[in-house]
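This briefing is for a reader meeting the structure for the first time. Please look over the sequence and the model before going on to the notes that follow.

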Amino acid sequence: MVDTNAAVKPKQILTSGVKPIWCPGCGDFGVQAGINKALSDLGIPKENAVIVSGIGCSSSMPHPFATYGVHSLHGRLLPVAAGVKLANDDLTVIGAGGDGDGYGIGVGHLVHNARRNVDLTYIVMNNEIYGLTTGQASPTSLFGMKTKSTPFGSIENPENPVGLALASGATYVARAFSGDPMHMAEMIKGAILHKGFSLIDVFSPCVTFNNLNTFDWFRKRVYKLDSVGHDATSISAALERSLEAEKTNWEKVPIGLFYKVEKPHYAQLDMTLKKGSLLKQPMPTKDQVGEILEEYK
Amino acid sequence: MTSVALRIAGAHGDGVESSGALVIKVAARNGLHVVAYRGYGSIIRGGHCWYQVRMGDSEMNSYGDGIDILIALNQESIENQKSHLNDKAVVIYDPSKIKVDTLDASKYRLTPIPLLDIAITASGDPIMRNTVALGAAIRFLGIDISAFAEVLKGQFGRKGESVVNQNVKAATEGYNYQGVQTIYSLRGDGKHRYSLDGNTALSIGAYAAGCKFYSAYPMTPASSILHWFAAHEDKGVMPKQVEDELAAINMAIGASVAGVRSMCGTSGGGFSLMVEGLGLAGMIETPLVVVESQRSGPSTGVPTKTEQGDILFVMHASQGEFPRIVVAPRSIKESFKVAADAFNLADRYQVPVIIMMDLYLSEHVETLDSLDTESVHIDRGKVVTENTDGGRFKRYLITDDGVSPRSIPGSKGLEFVAGSDEHTEFGDLVTDAHAGLDWAIEVRKNMHSKRMRKIETMLKNESVFVPEVLNDGADYFLVTFGSTTGPALDAINLLKAGGKNFGLISFSYLMPLDKEKTKKLLEGRKLINVEVNYTGQLAQVIRMNTGIEITQSILKYDGEAFTAEEIARQALALVSK
């Protein structure tokens, strides 16, 4: 279904004409460009793509696209996305959320959808702050960070989403940076092509409420994993790299593909889905209902 | 009508449940009618539990007030059950383990049988003491031992011939034990009946309607729906056990957006977590069926006991206003029908439909001659598959009936975004850049009224949103909803035998209600609401919809279901004042 050799030039118009809500210069524009390029390059028909978001600035993501989309509830995009995908395996389902949404209120769903290896691409626009609620600390805010809810500096440690996803059994784990949308598009393409649960943690700076983790701040710190010969087939190497930012006090921050492994995904193991998409399975006949009823005689 | 209530009592782990299931099968296959209910606790081994199987020669709607035959498997069972024993009740017990000196030997037919000794001699397995006791009970009931042997063969056939033979031998020893003789003679009509509980009937109804996706987190008393879907996964359905009820409802919504008929289920505590998701389904107008099987609340409450305490909560759950359908099946048979219809209603009006079960309805077992599988048909409502005008698809088109055309992902030219924020006909949000602009205010007003208009449409198109009146000319009327309707039905017959002319007004669909018709049906009658809750929630719903205040009620909130006798006694007391 997906053409991996598609030309870089977009094959179809993917924009709906709706403008996202982001501030000028917001990192999320880069993510929009990355998703757009990935879907275009792979030649995925717009009617077969579903972009699912939660709540927050990130939740604007489905609207500028001419694909199908669900703008759901805060923290719940993964169950909604998983429901769509389990119902119709022929669809390309992309979850697009934020750090508060996916690493805070909805973090449980990350763990469980990773371990059940649902074939989803989950992109988290991680800006280390709550933007739409005007600047409170988020689960990835750095220790000591001053925000509206932590005016004396945060005394909580930031979550390590890459490490969490790895430990939870995600089969494709990558990190990207909005300042490099071409690299990000490659990470997203890889995730869409990967059959299984993919997390892409994207540094997507908030230009209004996060004065610490800016584009420049990240530019000075990020480096690409393939430039250091990282072995993305090794879970130990991936876990080690996931700790690097914390260990170097955020001086060296790796981006790129941390880990990728081929494992059967949920629909390949489920007894019913093995027979085909749930949507295409026939409705029961009266005889089949009668047969079931006989079990109770 | 002749009926006999057999109660098996013991500790969790004593095989009380499986013994009850055997008796139900024997009766159902021998032309008898059964209503059976189980009392148990939140414990796997130990504690006290019982299974009451009421068998009769005609249809019954309640599990019986007293015990006619008690099989006591431990000392505690004697002490706990003696207040329920009817006069002349048979008490089967093992004298080597149990003392009965607290029972008045002149009032009951005490039947000591060395159950354990016989079991060990017959099979070497002490658990077969239950089979010995059941063999004796079968004799008292007047059922032939061959009927019991047949069921044992079916039950244990997979374990091999010797296990079957040991069981039959144990049962026969009990059947032939000295002093055991036929005292009841239940005459069946020869029909093989179905025996199933409410959750099973509901699950089969959902299956028949083409429900392919069921998501849930385990919670008593809804878990058996998840087990049903899991056991029938080879029939093309997908059970999904998830991490919490937030995931359960949102995953079902996702599957429904993708076009698959989907359901999720839980009890009140889990439903509390589903509340936000319910509003999402309402806002994005995604069809959804939710099962809420009530148990005693609040909080963890009494997890293994019944209540009808959640209807006001469910009717008003989630912020804001949106149309929903709330229905409480009145019987096991109706649980099938309600579930099968729920998916059509959800699709037709693109609303959540909540099926209110309760522990009693979910778990008690009845025999049935049939389920109405013939009447099941599938109506997916306004699903469109082609873009006919070439323009951008208006998923939320403003229509007179409030229902908009709906597309399924994968359909070309019909793409849209389903948004939990207020949105335009296309699904574009009006809540951010446009909030407060005149046109956005107009869109909000029109879109909200479009959604709410669906209530009028369903009231106009469907005939189910009124209560049912039985015995129209009666002097007094019991008023019920959901599972209390069964025992109330039997209570009316008991009252009639006592010379009082009672009718019954019972609600299955609770929301929306056809106010005018409901008012007309209730007006000018002497009404007594019968509910398993403290505040008379149905009476409140009635008053809210019709202005009619019911001033006499029979309420119960001790965790047990009503028996017919209990309702009849209290009703009589109220009208004799």
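Of the 297 residues of chain A, 59% count as buried, that is, under 20% relative accessible area with a 1.4 Å probe and protein chains only. The model is predicted, so local features need pLDDT of at least 70 and side-chain atom pairs count only at pLDDT 80 or more, while totals for chains, interfaces and linings use all residues. Residues are numbered from 1 along each chain as its sequence is written, and chains are lettered from A in the order in which they are written.

**Chain A as a whole**
- Chain A has a radius of gyration of 20 Å, taken over C-alpha atoms, which agrees with the value near 19 Å for a compact globule of 297 residues (2.2 Å times the number of residues to the power 0.38).
- The C-alpha trace of chain A spans about 70 × 45 × 40 Å along its principal axes.
- Chain A holds 11 helices and 10 strands, which are DSSP runs (H or I, at least four residues, for helices; E, at least two, for strands) numbered from the N terminus.

**The sheet**
- An open sheet of mixed pairing is formed by 9 strands in the order E9(A)-E10(A)-E7(A)-E8(A)-E4(A)-E3(A)-E1(A)-E2(A)-E15(B), where two strands pair if DSSP finds at least two bridges between them.
- Strand E9 (222-224) of chain A and strand E15 (417-419) of chain B stand at the edges with a single partner strand each, so one side of each is left without a neighbour in the sheet.
- Strand E3 (residues 92-98) of chain A pairs with strand E4 (residues 121-126) of chain A in the parallel sense over 5 bridges, and Gly98(A) stands opposite Met125(A) in E4(A).

Definitions and conventions
Heavy atoms only, no water. Buried < 20%, exposed > 50% of the residue type's maximum accessible area, 1.4 Å probe, protein only.
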